[in-house]
Amino acid sequence: MLEAFYKTHRYLVEHTDAPVRRLLMDEIDWSHRLIAIKGSRGVGKTTFLLMYAKEQFGTSAECLYVNFNNFYFAQHSLVEFAGEFVQNGGKTLLLDQIFKYEQWSEELRICYDKYPGLHIVFTASPVMRLTEENPDLCDIVHMYNLRGFSFREYLNLQSGQSFPTYTLQQILSDHEQIAAGIMGKVNPLWYFPDYLRHGYYPFFLEKRNFDETLLKTMNMMLEVDILLVKKIEIGYLDKIRKVLYSMILETPCALNVSRLSESIDTSRATIMNYIKYLKDARLLNLLYPDDKQFPAKPRKVYMQNPNLLYTVPSGQIDKQALAETFFYNALHACHKVNATDRNAMFVVDGVNYFNVSARPSVKTGFRTTAIDNMEIGTGNRIPLWLFGFLY
């Protein structure tokens, strides 16, 4: 039976090519025996696994990619499969869609204990609480997050450049020199609007209609990542869709729980649960003050990334909303972002205060301001696009 899996594995590895090498590939400590790759649907987790196999193993039988959509696992256990793999000299299993297998966490633990020479890397839906809900794994699994494309990755791909990442402190202290160096090779403003429109999800590279693919992906997040993984009845899908649609139309916004509760005819507590599900599925970002967290009401709700704003039916996108959404998404990837009352929109890591503006002519005062449609900044005025170089 293994040969059928190997045949699929070889085909996929040979036909997988990622035009952008993801930064996470070098951030993971691959010596760990159980690794989880979490990430939003559509950001390229399957491609990431296959590229790891291609880089490290080629088509060697020591590594095997397995998708749990395969009906084989309807009558065979993961432990049984792993045992046969190890007996045949296998060393690394790459497991995709593992949440579709009923006893996945328990059997991962058995495999970990029973086969000490086996390494397992598996993908996980962002709504899965791997350690909180699966005590079998809490002391053995190492989790990493695969994000969507940063603006830096998108710009490198589209322009043929190889710009490095910069830390937040480098951007704050040296943004004029950094921006000037980048501008000497390519003008990021030629590419930035397209990134906001369709650059976060790698499937923009495929020969498919991006808008339709994004809508399909969002619906899969609702139907699979929320309903299936969280074991929620299908009858609640319509209400969750209504909450999401309301957020698409209004974000960034303060969350009016009472109004949503009345319009959708459900309780305030249920609305907050829906909001949390949408956040966990990486459709929303919730902005809290530093001393608050769920189940408290967030100060503001954002779409998780700017591409999602373009699903609004009218096609009319507020530029300020787009700028704030990009900034929050870019900073949230590597930093702690909170709301603040100190005359700023965001506080990052508790010490750096920021405003964001879509108007280059805005008066910034003493606060650091990320400004859209600006090539090179000065002083505390920093081009918005440059924050897309944090990863």
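These questions and answers walk through a predicted model, from its sheet to its salt bridges and core.

Me: In what order do the 5 strands of the open sheet lie?
Reply: The sheet is open, and its pairing is mixed. At its edges are β8 (337-338) and β12 (381-383), each pairing on one side only. The full order is β8-β9-β10-β11-β12.

Me: Which residue in β9 stands opposite Val337?
Reply: Start with the two strands. β8 and β9 (residues 346-348) pair in the antiparallel sense, over 2 bridges. Across from Val337 stands Val348.

Me: In which sense do β10 and β11 pair, parallel or antiparallel?
Reply: There are 4 bridges between β10 and β11. Asn355 has Thr369 in β11 as its bridge partner. The sense of the β10 and β11 pairing is parallel.

Me: Which residue in β12 stands opposite Ile371?
Reply: β11 and β12 run parallel, joined by 3 bridges. Ile371 is one of the buried residues of β11. Opposite Ile371 stands Pro383.

Me: At about what angle does helix α13 run to β10?
Reply: Helix α13 covers residues 319-332. It lies across β8, β9, β10 (352-357) and β11 (368-371). To β10, helix α13 runs at about 150°.

Me: Which residues of β11 point the other way from Thr368 and Ala370?
Reply: Thr368 and Ala370 point one way from the strand. Both of these are buried, and so are the residues pointing the other way, with Thr369 at a relative accessible area of 3%. Those residues are Thr369 and Ile371.

Me: Is Thr369 buried or exposed?
Reply: Thr369 is found in strand β11. A residue counts as buried under 20% relative accessible area. Thr369 has 3%, so Thr369 is buried.

Me: The backbone oxygen of which residue lies 3.2 Å from a polar atom of the Thr369 side chain?
Reply: Thr369 has contacts beyond its neighbours within four places in sequence, including Asn355, Val356 and Ser357. Thr364, Asn380, Arg381 and Ile382 are also among them. The backbone oxygen 3.2 Å from the side chain belongs to Arg367.

Me: Against which helices do the buried residues of α6 pack?
Reply: Helix α6 spans residues 151-159. Its buried residues are Phe151, Arg152, Glu153, Tyr154, Leu155 and Asn156. After α6 comes Gly160, with a positive phi near 75°. The buried residues of α6 pack against α8 (192-198) and α13.

Me: With which residue does Glu55 form a salt bridge, the closest N and O atoms being 2.9 Å apart?
Reply: Side chains of opposite charge can pair when their charged atoms come close. Glu55 sits in helix α3 (residues 45-56), and its partner is in the loop between α1 (2-14) and α2 (24-27), 34 residues apart. Glu55 counts as partly exposed, because its relative accessibility is 33%. The partner is Arg21.

Me: Which residue is linked with Arg21 and Glu55 in a network of salt bridges?
Reply: The structure holds 18 salt bridges. Arg21 is partly exposed, at 43% relative accessibility. The network links Arg21 and Glu55 with Asp26.

Me: How many residues apart do Asp238 and Lys242 lie?
Reply: Their side chains meet in a salt bridge, at 3.4 Å from N to O. Asp238 is partly exposed, with a relative accessible area of 43%. Lys242 is partly exposed too, with 43%. Both lie in helix α10 (residues 237-250), about one turn of the helix and 4 residues apart.

Me: What is the relative accessible area of Asp280?
Reply: Asp280 forms a salt bridge with Lys276, and the closest N and O atoms are 3.0 Å apart. The two are 4 residues apart in helix α12 (residues 268-280), so about one helical turn separates them. Asp280 is buried, and its relative accessible area is 6%.

Me: Which helix gives the largest share of the largest nonpolar core?
Reply: This core has 137 residues. Leu93, Leu95, Leu108, Phe122, Phe151 and Phe387 touch the most other members. Beyond its neighbours within four places in sequence, Leu95 contacts residues including Leu49, Val66, Phe68 and Leu78. The largest share, 9 residues, comes from helix α9 (residues 210-230).

Notes. Residues are numbered from 1 along each chain as its sequence is written. This is a predicted model: local features need pLDDT of at least 70, side-chain atom pairs count only at pLDDT 80 or more; totals for chains, interfaces and linings use all residues. Side-chain values use heavy atoms; hydrogens and water are left out. Two strands pair if DSSP finds at least two bridges between them. Contact means heavy atoms within 4.5 Å. Axes are lines fitted to C-alpha atoms, for helices over the stretch in contact, and angles run from 0 to 180 degrees between N-to-C directions. Buried means under 20% relative accessible area, exposed over 50%, partly exposed in between (1.4 Å probe, protein chains only). A salt bridge is a side-chain nitrogen of Lys or Arg within 4 Å of a carboxyl oxygen of Asp or Glu. A polar contact is a pair of N or O atoms within 3.5 Å; within protein, one must be able to donate a hydrogen and the other to accept it, and residues adjacent in sequence count only if both atoms are side-chain atoms. A nonpolar core is a set of buried Ala, Val, Leu, Ile, Met, Phe, Trp, Tyr and Cys residues joined through side-chain atoms within 4.5 Å.
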